[in-house]
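The following exercises are to be worked through with the sequence and the coordinates at hand. Each task is followed by a solution in steps.

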Amino acid sequence: MTRRVFAALSLILAFPFISAFSAEPVKPVDAIRSGEIWLDESGARINAHGAGLLIYDGRYWLFGEHKVEGELGNSAQVGVHCYSSADLYNWRDEGIALPVSDDPASPIARGCILERPKVLHNAKTGKFVMFFHLESARSNYRDAKTGIAVAEKVAGPYRFVRAERPNAGDWPSNVADADKKPLSADERKALDEMFATGKIKTGWTPDYPTNLLYRADFEGGQEARDMTLFQDDDGRAYHIYSSESNGTLHIAPLTDDYLDWDGEYARAFSGRYYEAPAIFKRDGKYWLFASDCTGWAPNAARLAVADNILGPWTELGNPCRGTEAEVAKTFWSQSSYVLNVPEKNICVFIGDRWNPQNAIDGRYIWLPIQFDDAGVPFLEWRDAWRFEEEAAK
Ligand code: DGJ
């Protein structure tokens with residue numbers, strides 16, 4: 001071996017170490033700084049939008065939409081990204097838990113819309129189940145389907161199982177028997193007319209037909225867009241989704257294996273256009289954070305409470321405190337999840353500050369949920385906060 005070849009070989013072999021040693025060490029994170037760019041333990045930007053979390057095996061697992069630059073990032077080009085952490089400040093990249101498919105015939109083909117992934121661990125089957133809002137590339141948000149994927153290990157790989165609309169052939173549990181019937185020909189005509197003349201939109205409309213849409217979708221399944229999953233203390237899991245042209249929220253219990261809906265579901269807030277649902281339970285009460293329905297633009301948050309997750313729900317108005325603008329725009333964010341951390345005695349509001357022009361640059365808004373003297377949750381802005389200090393309050 002010539003000296004020159006030897007020198008070149010040694011340089012190639014040494015390269016990973018040189019770069020590892022010469023790279024700036026990543027500074028450990030010691031506080032939550034909403035709205036700033038968050039880096040993982042390797043120094044890369046955390047890419048997990050519309051996120052959900054799972055506490056499992058002594059670690060926190062974060063799942064979210066991996067977004068790319070520009071408007072292209074509003075569609076799924078990569079998949080669902082997973083990170084894990086021991087302290088909720090410092091995150092290890094666990095890779096893409098559910099990649100989009102290269103097969104154009106797949107429901108999760110690259111370019112589809114895959115939003116708000118949420119993962120639960122099923123103690124009975126031992127499996128991890130992921131639900132997400134799924135639209136095919138050209139559906140213009142009209143598919144309103146739910147994708148389901150499953151994994152043996154928390155970080156995946158997740159296997160895509162199927163996509164469908166929930167609760168086909170099932171009536172809501174909380175409507176009168178007289179309203180459990182398919183549309184008549186006249187009602188169908190009236191509804192078609194309302195769609196054709198733009199009287200029904202996926203955003204607020206004064207003519208919202210509270211009694212027609214779930215009946216129209218009885219056969220094909222209920223529309224499901226913004227969504228979350230909630231696992232109750234007894235292990236029962238619920239899929240909560242914006243349905244009926246986003247005007248009505250559905251709360252649908254899952255089967256024991258979490259791979260299907262059990263057919264009983266309740267409607268809530270009909271005609272109120274609740275999006276971005278995020279539920280937590282505290283002292284036996286169910287609390288729901290949600291948003292209004294204004295596309296990617298932030299709006300005023302909503303809070304509701306119930307003794308039974310299937311309702312009735314009571315609306316409590318806007319849970320934000322701060323300047324007029326902060327309150328009107330939820331600190332320029334939209335809810336995605338509430339993380340209940342019993343071991344830290346804290347619940348965390350997790351939201352997105354979307355950036356549809358450059359999707360990757362959407363920011364994460366995490367705020368400690370505070371409780372007033374009557375035990376009602378509220379949110380206040382924090383530039384930087386620590387679990388240890390907030391929990392003590
Ligand atoms: C608002 C929803 O909350 C988001 O998840 C996303 O679906 C946008 N609408 C799309 O406009």
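**Exercise 1.** Determine whether Thr330 is buried or exposed, and describe its backbone and its place in the chain.

*Solution.* Step 1: Thr330 counts as buried because its relative accessibility is 2%; buried means under 20% relative accessible area, exposed over 50%, and partly exposed in between, with a 1.4 Å probe and protein chains only. Step 2: Thr330 is located in the loop between helix H4 (324–329) and strand E18 (334–341); helices (H or I, at least four residues) and strands (E, at least two) are DSSP runs, numbered from the N terminus. Step 3: its phi is near 50°, a positive value in a residue other than glycine.

The model is predicted: local features require pLDDT of at least 70 and side-chain atom pairs pLDDT 80 or more, whereas totals for chains, interfaces and linings use all residues. Residues are numbered from 1 along each chain as its sequence is written, and side-chain values use heavy atoms, with hydrogens and water left out.

**Exercise 2.** Carry out the analysis of Phe269, stating where it lies.

*Solution.* Step 1: Phe269 belongs to the loop between strand E12 (266–268) and strand E13 (275–282). Step 2: the phi of Phe269, near 55°, is positive although the residue is not glycine. Step 3: a relative accessibility of 10% is why Phe269 counts as buried.

**Exercise 3.** Identify the residues around the ligand and the polar contacts made there.

*Solution.* Step 1: the residues around the ligand, each having a heavy atom within 4 Å of it, are Glu115, Arg116, Tyr141, Asp226, Glu275, Gly295, Trp296 and Gln334. Step 2: the shell comprises two nonpolar, two polar and four charged residues. Step 3: for polar contacts, take pairs of N or O atoms within 3.5 Å. Oxygen atoms of the ligand lie 2.8 Å from a polar side-chain atom of Arg116 and 3.0 Å from a side-chain N or O atom of Gln334. A polar backbone atom of Gly295 is 3.4 Å from a ligand nitrogen atom. Step 4: the ligand alone exposes 290 Å², of which the protein buries 90% (Shrake-Rupley method, 1.4 Å probe).

**Exercise 4.** Which peptide bonds are cis, and where do their prolines lie?

*Solution.* Step 1: Gly156 and Pro157 are joined by a cis bond with omega about 10°; Pro157 is in the loop between strand E7 (145–151) and strand E8 (159–164). Step 2: the bond from Gly311 to Pro312 is also cis, with omega near 5°; Pro312 is in the loop between strand E15 (302–306) and strand E16 (314–317).

Methods
Polar contact = N/O pair within 3.5 Å; in protein donor to acceptor, adjacent residues only side chain to side chain. Nonpolar A, V, L, I, M, F, W, Y, C, P; charged D, E, K, R; others polar.
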